[in-house]
Amino acid sequence: MTDRYDLIVRNARAATASDTFDCDLGIAGGRIVAIAQRLPSGAADREIDAAGRIVTPGGVDAHCHLDQPMVEPMRMADDFETGTRSAACGGTTTVIPFAAQVKGRSLREAVDDYHRRADGKAAIDYAFHLIVSDPTDTVVDEELPALVNEGYTSFKIYMTYDDLKLDDAQILTCLEVAREQGAMAMIHAENADAIAFLTKRLTQQGKTAPRFHGMSRPMPVEREATHRAITLSELVDVPILIVHVSGGEAVDQIRWARGKGLNIFAETCPQYLFLTQEHLGLDGFHGAKCVCSPPPRDAANQQVIWDGLADGLFTIVSSDHAPFKYDDPQGKKLGGEEPSFEYIPNGIPGLETRLPLLFSEGVMGGRLSLQQFVALTATNPARLYGLYPKKGTIAIGADADLVIWDTSTKRTITNAMLHHDVDYTPYEGIEVGAWPATTLSRGRVVWDGTNYLGTAGGGEFLKCGRPEAAKPRTRDGGWRSWTGI
Ligand code: URP
Ligand code: ZN
Ligand code: ZN
C-alpha cells in the first residue's frame with residue numbers, strides 16, 4: 001500500500017452496487033489505491049472530509065448526444081466542452097456519445113471526425129458508440145470489425161428516422177457482426193412506417209402542435225418495433241440493448257423475451273419517469289421542449305418504468321441528452337418558425353439532472369436501494385460497455401471517479417443553475433433532495449458543489465473492452481439452428 005496520497009477522502013459512507021461501508025479513500029495517480037477504516041493523518045497533500053455523506057462511483061452516462069452532426073439547419077446546443085461540464089456538475093464522470101455514420105460515407109470517417117470534435121474539449125473521460133446508418137459490404141465486412149477491435153465495441157441501430165433507419169435485413173446483417181465480433185448492438189425501436197402514416201393523417205387534419213408528436217408515436221409503435229428487434233436478435237442469437245424504453249407495452253415485450261431466456265438488455269431515461277404527455281401540451285409552443293422519441297407517456301406508464309427499475313428489468317438508466325435550444329432557429333424553433341411537430345428536433349437535455357433526479361426520487365423516495373442506484377447509473381453501464389472495473393465502482397485500482405452527495409439541502413431545479421448550453425430544462429421546478437457536493441474525475445475536483453472546476457481537455461478517450469454480455473462467437477449456431485443448415 002502506498003503511504004503517500006495525492007488526496008484522501010475521509011469518513012466516506014461508500015456505496016457500490018453490492019455494499020455500503022464506512023472508509024477513508026486514498027487516491028494517487030488518479031486511482032483509488034487505498035480503502036481503509038482510517039488512513040494516517042498527514043499522508044496526503046489534500047483531504048476532503050465526507051463525514052455524514054454518501055460517496056458513490058461517478059456516473060457513467062452511456063447514452064448522450066454531443067456535437068453530433070445534424071441535417072442543416074439543426075444544430076446540437078452542446079459540444080464536448082459544455083456537455084461534459086454539465087455532466088461533471090451533475091456527478092457524471094464518463095460519457096459515451098455517438099459517432100454517427102452519414103449515409104453514403106464511411107464509418108471510419110465518422111469516428112475520425114468525432115475525435116476531432118472531442119479532442120481538447122472533454123472535461124471528463126469519454127468513449128464512443130458507433131451509429132451504423134449505411135451497412136454496406138465494406139462497413140459490415142471491414143470497417144465495423146476493425147473498429148470493434150480498436151475499442152468501439154457498441155453500435156446503435158435505428159428502426160426510425162429517414163436519415164438513419166435500417167430495414168430488417170440490414171439489422172440482421174449488423175446483428176450478425178455483433179455476434180461474431182462480440183459487440184453490443186443498441187436498438188432504437190419505433191416503427192418508421194407507422195409513424196409516417198400517423199404523421200400524415202395528423203398533419204392532413206391540421207394537427208401540427210407539439211402535443212401531436214406523442215400521438216404520431218403511440219405505444220403500439222414502440223411495442224411492435226421492440227418485439228421485432230427482440231425477434232431479430234433471437235434469430236441471430238445475439239444479445240441486444242433496447243434503448244430509451246418508455247412504457248408498459250415495450251416492457252411487456254422485454255419481460256416476455258426474458259421469460260423465454262433471451263438475452264435482452266433494457267435502458268430507460270429520466271424523461272419516462274418525470275415527464276408525461278401533458279408536458280408536450282404545454283402552453284403555446286412550449287411543449288416542443290419535451291419533444292423526444294419515444295415520447296413521454298402517462299402516469300401509469302411511469303409506474304411501470306419505476307417497477308422495472310426496482311425489479312431488475314432495466315439494466316441501465318441513461319440521460320439520452322440530445323440538446324437543442326428552444327428559442328433558436330437551429331433548435332426547437334427550427335428555421336425561426338414554430339414548426340409542425342414533425343420538424344421539431346427530437347431530444348431533450350438531461351446530462352446534469354439524471355443522477356440528482358434518480359437519487360432523490362429513487363433512493364430518497366424509497367423506490368430504489370442505494371445499491372440499485374449505483375448499479376443502474378454507473379456499474380452496469382461500465383460493465384455493459386467494457387469499461388469495468390476502471391469505471392463504475394469504488395475499488396482498489398479503479399479510477400478515482402467519485403461523487404460525494406449532499407442530501408441535506410432541498411433544491412428546486414432551474415435552468416439557471418445548470419451548466420449546459422441549452423436555454424431550458426424540461427425539469428424546471430422539480431424539487432430534488434440530493435445534489436453532488438463534490439465530483440472527482442480521476443482524483444481531480446471538477447465540481448465543488450458551487451463551482452465548476454474542470455478543464456476542457458482534462459478528459460481522456462477510453463477504448464472499450466468487449467462487453468461482458470457479448471462474447472465473440474462464430475457463425476455456427478444462431479441463425480443456422482433456425483434454418484437447419
Ligand atoms: O428524441 C431523441 N431520443 N433524440 C435523440 C436521438 C435518439 O434517438 O436517441
Ligand atoms: Zn434513439
Ligand atoms: Zn439518443
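Donors are N, O and S atoms within 2.8 Å of the metal (3.2 Å for Na, K and Ca), and since water is not among the atoms, sites may look incomplete. In this predicted model, local features need pLDDT of at least 70 and side-chain atom pairs count only at pLDDT 80 or more, whereas totals for chains, interfaces and linings use all residues. Residues are numbered from 1 along each chain as its sequence is written, chains are lettered from A and ligands numbered from 1 in the order in which they are written, and side-chain values use heavy atoms, with hydrogens and water left out.

The zinc ion (ligand 2) is held by three protein donors, namely Lys156 (NZ), His188 (ND1) and His244 (NE2), at 2.1 to 2.2 Å. Along the chain, these donors follow the spacing K-x31-H-x55-H. Helices (H or I, at least four residues) and strands (E, at least two) are DSSP runs, numbered from the N terminus. Lys156 belongs to strand S11 (residues 154-158) and His188 to strand S12 (residues 184-188), so the pair ties together parts that are 32 residues apart in sequence. A residue is called buried under 20% relative accessible area, exposed over 50%, and partly exposed in between (1.4 Å probe, protein chains only). Lys156 has a relative accessible area of 1% and is therefore buried; His188, at 1% relative accessibility, also counts as buried.

For the zinc ion (ligand 3), the protein donors are His63 (NE2), His65 (NE2) and Asp320 (OD), which lie 2.0 to 2.1 Å from the ion. Four donors count as tetrahedral if all angles lie between 85 and 135 degrees; four count as square planar and six as octahedral if opposite donors are over 155 degrees apart and all others between 65 and 115, and anything else is irregular. The site of the zinc ion (ligand 3) has 4 donor atoms with angles of 90 to 122° among them, and is tetrahedral. The spacing of its donor residues in sequence is H-x1-H-x254-D. His63 is placed in the loop between strand S6 (59-61) and helix H1 (80-89), and Asp320 in the loop between strand S15 (316-317) and helix H12 (354-364), so the pair ties together parts that are 257 residues apart in sequence. Both His63 and Asp320 are buried. The zinc ion (ligand 3) and the zinc ion (ligand 2) are separated by 4.0 Å.

Ligand 1 is surrounded by 13 residues, of which the closest are His65, Lys156, His188, Ser293 and Asp320; a residue is near a molecule or strand if one of its heavy atoms lies within 4 Å of it. A polar contact is a pair of N or O atoms within 3.5 Å; within protein, one must be able to donate a hydrogen and the other to accept it, and residues adjacent in sequence count only if both atoms are side-chain atoms. Oxygen atoms of ligand 1 take part in several such pairs. A backbone N or O atom of Ser293 is 2.7 Å from an oxygen atom of ligand 1, and a polar side-chain atom of Lys156 is 2.9 Å from an oxygen atom of the ligand. For His244, an N or O atom in the side chain lies 3.5 Å from an oxygen atom of ligand 1. On its own, ligand 1 has 270 Å² of accessible area, of which the protein covers 95%. Accessible areas come from the Shrake-Rupley method with a 1.4 Å probe; for residues, only the protein chains shown count as cover.

The protein chain as a whole contains 14 helices and 20 strands. Its radius of gyration is 22 Å, which agrees with the value near 23 Å for a compact globule of 485 residues; this radius is taken over C-alpha atoms, and the globule rule is 2.2 Å times the number of residues to the power 0.38. Of the 485 residues, 59% are buried.

Several local features occur in the loop between S6 and H1. Pro73 is found in this loop, and the peptide bond from Glu72 to Pro73 is cis, with omega near 5°. Asp67 lies in the loop between S6 and H1 as well; although Asp67 is not a glycine, its phi is positive, at about 45°. With a relative accessible area of 19%, Asp67 is buried. In helix H1 itself is Thr82, whose side chain is joined to that of Asp78 by a polar contact of 2.6 Å.
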